[in-house]
Amino acid sequence: LLGCVYFPMAFTAVAMFDTVTAVNPLLIIPSILKIPLEYLFTIVIFALMLLVRWLFSAFLPSLIHFRLLCWIIGGFLGLYLYIVEVRVLGLVYWWKKNELGWFSR
């Protein structure tokens, strides 16, 4: 559960700083605390994405009895949902980049 809260901001930091060292909790945790409401929205979107993916993988095989097709459709749905999550993360960063102050030196 803590990983699901930590992951989106860490993913954004790695994308912005272009280094794995951006996963440092000394950067991530203060960044989360600077924009709590916007980040909570991101976490809710991420949780809904995981719920939809789980529901889809649980119930699709009962509708389509061809296992390979279920796997392919589930993969594309997962990819689409991750793209949506990255878009939301990018918009939250763009909207709150001054509050985060990552590159304001």
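V20 sits in the loop that connects α1 and α2. With a relative accessibility of 67%, V20 is classed as exposed. Its C-alpha lies 9.1 Å from that of A10, and the two residues are ten apart in sequence. Before I go on, please keep in mind that this is a predicted model.

Staying in that loop, the next residue to look at is D18, which also lies between α1 and α2. D18 is not a glycine, yet its phi is positive, at about 60 degrees. Why bring that up? Because most residues other than glycine have a negative phi. As for solvent, D18 has 70% relative accessibility and therefore counts as exposed, the cut-off being over 50%.

Now the helix before the loop. Helix α1 covers residues 2-17. F7 and F11 are both in α1, four residues apart, so about one helical turn separates them. How are their two rings arranged, then? The ring centres are 5.5 Å apart and the planes make an angle of 35 degrees, so this is a tilted pair. For the classification, stacked would need planes under 30 degrees apart and edge-to-face over 60, so 35 falls in the remaining class. Are these two side chains buried or exposed? Neither word fits. F7 has a relative accessible area of 41% and is partly exposed. F11 is partly exposed as well, at 37% relative accessibility.

That pair belongs to a longer list. Over the whole structure, the search returns five aromatic pairs. There is also one aromatic cluster, made up of F17, Y93, W102 and F103. While we are on aromatic rings, W95 has a charged neighbour: K96 lies over the face of the W95 ring, 4.7 Å from its centre.

Next, the helix packing. Helix α3 runs over residues 36-63 and helix α4 over residues 67-100. Their axes come within 10 Å of each other, with a crossing angle of roughly 175 degrees. Angles over 145 count as roughly antiparallel, so that is the label for α3 against α4. What kinds of residue make up this contact? Sorted by class, there are 18 nonpolar, four polar and five charged residues in the contact of α3 with α4.

On to the interior. How many residues does the largest nonpolar core have? It has 14, and the residues with the most contacts inside it are M9, I28, I35, Y39, L100 and W102. Four helices each give two or more residues to this core, namely α1, α2, α3 and α4. The largest share is that of α4, with four residues. W102 has now come up twice, once in the aromatic cluster and once among the core residues with the most contacts.

L100 deserves a separate word. L100 is part of helix α4. Its relative accessibility is 2%, so L100 counts as buried. Compare its position with Y6: the two are 94 residues apart in sequence, and their C-alpha atoms are 15 Å apart in space.

I will finish with two further residues of α4, F76 and L81. F76 has its place in helix α4. Is F76 buried or exposed? F76 is exposed, at 58% relative accessible area. From F76 to N24 is 52 residues in sequence and 31 Å in space, C-alpha to C-alpha. L81 is likewise in helix α4. L81, however, is buried, with a relative accessible area of 14%. Its C-alpha is 21 Å from that of L37, a residue 44 positions away along the chain.

To recap for anyone who came in late: D18 in the loop between α1 and α2 has a positive phi, F7 and F11 form a tilted pair, α3 is roughly antiparallel to α4, and α4 gives the largest share of the largest nonpolar core.

Conventions:
Residues numbered from 1 in each chain as written. Predicted model: local features only at pLDDT ≥ 70, side-chain atom pairs only at ≥ 80, totals over all residues. Heavy atoms only, no water. Phe/Tyr/Trp six-rings, centres within 6.5 Å; stacked < 30°, edge-to-face > 60°. Buried < 20%, exposed > 50% of the residue type's maximum accessible area, 1.4 Å probe, protein only. Lys NZ or Arg CZ within 6 Å of the ring centre and 35° of its normal. Axes fitted to C-alpha atoms, helices over the stretch in contact; angles between N-to-C directions. Parallel < 35°, antiparallel > 145°, perpendicular 65-115°, else oblique. Nonpolar A, V, L, I, M, F, W, Y, C, P; charged D, E, K, R; others polar. Core = buried A, V, L, I, M, F, W, Y, C linked by side-chain atoms within 4.5 Å.
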